[in-house]
Amino acid sequence: MLSVADVHLSFGGLKALQGVSFDAAAGEITGIIGPNGAGKTSLFNVISGFYKPNHGRILFQEKDVSHLKPDARAHAGMSRTFQNIALFRGMTVLDNIKLGCHTHLRANVWSSLMYFGSAQKEELQARKEIEEEVIDFLEIDHIRKAPITALSYGLQKRVELARALAMRPKLLMLDEPVAGMNREETADMARFILDAQARFGTTILLVEHDMHLVMDICAKVVVLNFGRQIADGSPKDIAHNQNVIDAYLGQAG
Amino acid sequence: MIIGNRKVSYLEDEKILNNGYKKAFVYTMIALAIALPFFADDYTILMASLVGIMLIAVVGVNVVIGYTGLLSLGHAGFVAIGAYSVSIIHNVLGHWGVPDIVHPWVALPGAMAVAALIGILVGLPSLRVKGIYLAVATLSANFIIIFLIEIDTFSQWTGGRLGLTTPDPNFFGWVLDSQREVYVLIAIFSFATILMVQNLFRTRIGRAFVAIREKDYSAEILGVSLLKYKLTSFAISAAFCGLAGAMAAYFYAKILPEQFELALSLQLVAALIVGGMGRTMGPVYGTIIIVLVPELLKIGMGAMMGNSIEAAQLRAPIQEIVFGALIIGFVLFEPLGISQIMDRFFRALNRWPFARG
Amino acid sequence: MQFAQFVINGLMAGALYALIAIGIVAVYKSTRVVNFAHGYMIMIGAYLYYTFAVLIPDMTWAPSWLSSWTPEWVAQARVGAKMFSPTAALYDWIPNIPRIVFGLAGAIIGSGLLALFIERYLMRPLLGQSNFSMIMVTVGLISVLSGFKSLLWTGDAASVPHLTPNPAFRLDFFGTPIFIFGANFMSMIIAALIFGFIVYWLRHSSAGVAIRAVSEDQSTAYSMGINVPRVFAQAWLIAAATGAVAGAVLSARDGVSPSLGLFGFSVLAIVLMGGLDSFVGVFIAAMLVGVLEALVQWQMGGTWVEIAPYVAVLIVILIRPHGLMGQPEVERI
């Protein structure tokens, strides 16, 4: 599904990523963990196309997407959320989610200006799908007309997930989906992630600090430290990997 | 408590006029606009036409500044292009012996297309850097456009500094040779423009514009190509400004390059800020204020000082100061403009008598 | 070899551009606001200079030494000096010293007060909001300042005294004569000195460090104990003072007129060309545009000069979007 092949990235002298390589299998949840500053978010930015790697390639569905811009990758079926919530704050929840459908709508400038006819039909169809597939699913129907600024942090995270799901993505990348949430909210979010995987068959890539969540829902875990990939494997293997333990607890001696 | 807002279908919920007060307001405006040419005096027609012409341009500016969040200070240049293109196309067609009745159907789309193309050209810097660079690029474009209109090289087409006599369009054999007749055309296009832009913003393209304004990287991740949409936004807004220019050309007997200088660009921006950026009705409120304030000043100063030469000399600078003060005042105290004030008013109406504000 | 003559003219004009550009860059560096009204502040500065150097000294109640300070030795030396010689120019200039000093002081103080007012009452309330709002305020200022100018000064282009003696020099440059007016040359020197001083001051004084800190991150600077409003006021004062000097020089060169306001837009174009936050880039751009304008004037005639900077900036930002020396902003996602 997604292959990251020997990716190197540096900002000036700072080496953010050094030779990261892994595969994310279709329909599975792959977790990326690592201490702060390990390069997790940089890796996400490389995969979604914001940063150009100095070396290495990103393969998505067996196709090299390394040269594509973020919007082209979205059209190919990648979708993501951001660590510090990148919703459109001036818009309502509904408009945010509608923007998630952008890649699936076809209206051109002329039909948009005219509206009545094809654009209207398409809009109503999209609205129906959003309402039935996404809003009901994520239980946010009570806030659909609310502006983003009026929502709590946890709800904003959920709306961002809704927007990403509205793209009906093949690959969903979640950057710290439960950061800053309490136990209950975390449990809710974990349920939504698992449901999304089960219901839409989406491949999920997850960056998270909450070890319990990662160990519970991921089929595979990749561990980064100082830009290097120090381990990958099943959650169980990772939990007993000496490199990982050293990275998190500090080396003995 | 909000009453009268129950919706039973998505169609109903997606409508623009989704409550009774909005409906009443808009239908009254339309009725007034239709009734105007039958009873109003020439002065009222003049004012209404000025509002209409400027409104079309401000709606266009709103697309770029208000919705897409790209600062442009040179839209008067596109108005100029529209005005001159439409006149030149009329002249050229006349020269070729094409019948009059065909002219406007070529000239109007032609003028809009020319404006849109130049809009794309001027909008190119918006792709590379945001904000301020674009403002200066558009400002520069405005200077260059006026310069090219004025220089001798093109004066056989543009009339140079002396201005250009404009055509009277012939629609279906009806020659619009009085301001009252052109008013009808302007009114139709004003309403059409507002409606079209409003439509734009309930479909994917308009939403993409707003997304770019709000958070461009987030828009990109959803598949919005910044390159394509910023240029589209520029093209649409330039085309509407071109339409406004064409209306001005039809309305006035003569156009002069100095009508389209920086001062007009600033007026367009002022109208937008006063009315409310990124709001459908913003341009309407703003334009009415910007067109009427100088008139009120004229009347007020006439009442205070008589029609002396001193009063006439003082009027221009005072108008300038008032324009500037309106921009500054609204930015400081009511950044979302009159739209925001009207929103509060409508919300209060909607909830009355149970709650206020 | 007329070329050399035009290049020199261009460099002298370029230095003035650089002087004006300081004001825009200083304000941008500290507040992230591009002041669209800077040209109009310069225009006000020029009119203030005109008021204090010409209008007031010529009033009947003004002391006579203010308008023309001619002690015995100056009058005698003036009679003795050869016509059009540098000495004659010097003694022509000396009687003007009081009015020049008075005019410059008036222009700098007046512009400074104006800048402080703008900063305190129009800019500071917007602190922390998007700089789009602040930029719009400066756009509104264009109208306000231009209106006030027409309200207060109805007279049109008048001549004002040069800041320095103005002898005409004729140099021989590989066999071709080159003319240089002393005042233009001296204003180039003055502009370059002020430019150098301000850049040095920003680099090495603690106030300069504060300005740079604020430009990086307002709220962090605030929480580190830097008095952000004072930094803003300082930046606006620098802009006002350099603008007033530039206004005085410009009005002596071209006469006082409202078109000085439009001049600011060409400088804005130059600043963007140079890269907004880079003094070196802006200096280079100013010189390039000065020379470019002179060459355009030479080859294509005076009318094309007015759009030369605008065409140049469009080309530069299409090719190098961050200007000649500007740093691209790295966006953190």
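Among contacts in chain A between residues at least 6 apart in sequence, what percentage join residues at least 24 apart? The figure is 67%. Keep in mind that this is a predicted model.

Let's stay with chain A. Ten helices and ten strands make up its list of elements. Its C-alpha atoms fill a box of roughly 70 × 40 × 30 Å along the principal axes. Now the radius of gyration. Chain A comes out at 19 Å. A compact globule of 253 residues would have a value near 18 Å, so the two agree. As for burial, 43% of the 253 residues count as buried.

Next, the domains. Chain A is divided into two pieces. Domain 1 takes in 1–77 + 169–253, and domain 2 covers 92–166. How far apart are the centres of these two domains of chain A? Over C-alpha atoms, 27 Å separate them. The domains do touch. Domain 1 of chain A puts eleven residues into the contact, and domain 2 of chain A puts in eight. Look at the domain 1 side. Helix H2 (70–76) and helix H7 (183–200) of chain A each supply at least two residues there. H7(A) has the largest share, with four residues. By class, that side of domain 1 has eight nonpolar residues, two polar and one charged.

Now over to chain B and its partner, chain C. Here 34 residues of chain B are in contact with 36 residues of chain C. Which elements of chain B give two or more residues to this side? They are helices H6 (125–128), H7 (132–150), H13 (262–275) and H15 (309–333) of chain B. H15(B) gives the most, with 13 residues. What about chemistry? The side of chain B that touches chain C has 30 nonpolar residues, two polar and two charged.

One of those helices deserves a second look. H13(B) also meets helix H16 (residues 337–351) of chain B, and their axes come within 3 Å. How do H13(B) and H16(B) lie, roughly parallel or roughly perpendicular to each other? The axes cross at roughly 20 degrees. Angles under 35 degrees count as roughly parallel, so H13(B) and H16(B) are roughly parallel to each other. From H13(B), the contact uses B:Ile273, B:Val274 and B:Gly275. From H16(B), it uses B:Gly337, B:Ile338 and B:Ser339. The classes here are three nonpolar, three polar and no charged residues.

To recap, H13(B) serves the side of chain B that touches chain C, and H13(B) also contacts H16(B). Thanks, everyone.

Technical notes: Residues are numbered from 1 along each chain as its sequence is written. Chains are lettered from A and ligands numbered from 1 in the order in which they are written. This is a predicted model: local features need pLDDT of at least 70, side-chain atom pairs count only at pLDDT 80 or more; totals for chains, interfaces and linings use all residues. Two residues are in contact if their C-beta atoms, placed from the backbone, lie within 7 Å. Ala, Val, Leu, Ile, Met, Phe, Trp, Tyr, Cys and Pro count as nonpolar, Asp, Glu, Lys and Arg as charged, and the others, Gly among them, as polar. The radius of gyration is taken over C-alpha atoms; the globule rule is 2.2 Å times the number of residues to the power 0.38. A residue is buried if 20 or more other C-beta atoms lie within 10 Å of its own, exposed if 12 or fewer, and partly exposed in between; C-beta atoms are placed from the backbone. Domain bounds come from an automatic or database domain assignment. Axes are lines fitted to C-alpha atoms, for helices over the stretch in contact, and angles run from 0 to 180 degrees between N-to-C directions. Angles under 35 degrees count as roughly parallel, over 145 as roughly antiparallel, 65 to 115 as roughly perpendicular and the rest as oblique.
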